[in-house]
Amino acid sequence: QVQLVESGGGLVQAGGSLRLSCAASGTIFRFSAMGWYRQAPGKQRELVATITSSGNTNYADSVKGRFTISRDNTKNTIYLQMNSLKPGDTADYYCNAVRVGLNYWGKGTPVTVSS
C-alpha cells in the first residue's frame, strides 16, 4: 500500500516562500517519477513539477524560476520550494507518484497566497 503524506502548506503573503514536503511509505526508488500537482477552486488539477528517479525535473511554465522540486532518497521524501509566491498560486497541492504505470496521490495540502 503506497501512502503519500503532504505537509508544509499554509497562508503566506505575496512574494513570500513556502516549502512543501511529501513523505512516501517505502523507498521512493520504486517510483519512476514523483511530482506536485495543484488544483485551484473551480479549476482542473494541473501539473506543477515532476522529478524522475534519475533526478530529471520538469516544471510548468507558470512556476519556472520560482519553484524548485527536489528529493531526499534517504528520507523517502520530495520537496517543493516555492519562492516569489503569487495569489495565482493559491490552490490545494497534491503529491503524485508513479510506479508500474499506476498513479498514487496524497490527500493534498492547501496553499493560500494573499495579495
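Buried means under 20% relative accessible area, exposed means over 50%, and partly exposed lies in between, with a 1.4 Å probe and protein chains only. By that rule Tyr37, at a relative accessible area of 18%, is buried.

The model on screen is predicted, so local features need pLDDT of at least 70 and side-chain atom pairs count only at pLDDT 80 or more, while totals for chains, interfaces and linings use all residues. Residues are numbered from 1 along each chain as its sequence is written, and side-chain values use heavy atoms, with hydrogens and water left out.

**Stop 1: the aromatic pair**

Keep Tyr37 selected and add Trp105. A search of the whole structure finds one aromatic pair. Rings of Phe, Tyr and Trp (its six-membered ring) pair if their centres lie within 6.5 Å; planes under 30 degrees apart count as stacked, over 60 as edge-to-face and the rest as tilted. The ring centres of Tyr37 and Trp105 are 5.1 Å apart and the planes stand at 70°, so this pair is edge-to-face. Tyr37 belongs to strand β4 and Trp105 to strand β10 (residues 102–105), so the pair ties together parts that are 68 residues apart in sequence. Strands here are DSSP runs (E, at least two residues), numbered from the N terminus. Trp105 is partly exposed, with a relative accessible area of 37%.

**Stop 2: Arg45**

Next, select Arg45, in the loop between β4 and β5. Which rings does Arg45 lie over? One is Tyr94, with Arg45 over its face at 3.8 Å from the ring centre. Another is Trp105, where the distance to the ring centre is 4.6 Å. A charge sits over a ring if NZ of Lys or CZ of Arg is within 6 Å of the ring centre and within 35 degrees of the ring normal. Arg45 has 33% relative accessibility and therefore counts as partly exposed. For a sense of scale, add Gly8: Arg45 and Gly8 are 37 residues apart in sequence and 19 Å apart in space, C-alpha to C-alpha.

**Stop 3: the hairpin of β9 and β10**

Show β9 and β10 as a cartoon. Four bridges join these strands, which run antiparallel. Two strands pair if DSSP finds at least two bridges between them. Pick Arg99 and look across to β10, where its bridge partner is Leu102. The hairpin has two residues between the strands, and Val100 takes a positive phi near 50°.

**Stop 4: the salt bridges**

How many salt bridges does the structure hold? There are four. A salt bridge is a side-chain nitrogen of Lys or Arg within 4 Å of a carboxyl oxygen of Asp or Glu.

Select Arg38 and Asp89, whose closest N and O atoms are 2.9 Å apart. Their salt bridge links distant parts of the chain, from Arg38 in strand β4 to Asp89 in the loop between β8 and β9, 51 residues apart. Both residues are buried; the relative accessibility of Asp89 is 2%.

Now add Arg66, which also forms a salt bridge with Asp89, the closest N and O atoms being 2.8 Å apart. Arg66 sits in the loop between β6 (57–59) and β7, 23 residues from Asp89. At a relative accessible area of 11%, Arg66 is buried. Add Glu46 to complete the view: salt bridges that share partners join Arg38, Glu46, Arg66 and Asp89 into one network.

For another salt bridge, select Asp61 and Lys64, with their closest N and O atoms 3.1 Å apart. Asp61 is exposed, at 66% relative accessibility.

**Stop 5: the disulfide**

Select Cys22 and Cys95. The search of the whole structure finds one disulfide, and it joins these residues with an S to S distance of 2.0 Å. A disulfide is a pair of cysteine sulfur atoms within 2.5 Å. Cys22 in strand β3 and Cys95 in strand β9 are 73 residues apart, so the link spans distant parts of the chain. The link is left-handed, with -80° about the S-S bond. Cys22 is buried at a relative accessible area of 0%, and Cys95 is buried with a relative accessible area of 0%.

**Stop 6: the nonpolar core**

Finish with Met34, Trp36, Leu80, Met82 and Tyr93, the residues with the most contacts inside the largest nonpolar core, which has 30 residues. A nonpolar core is a set of buried Ala, Val, Leu, Ile, Met, Phe, Trp, Tyr and Cys residues joined through side-chain atoms within 4.5 Å. Colour the strands that each supply at least two residues of this core, among them β3 (18–24), β4 (33–39), β5 (46–52) and β9 (91–99).
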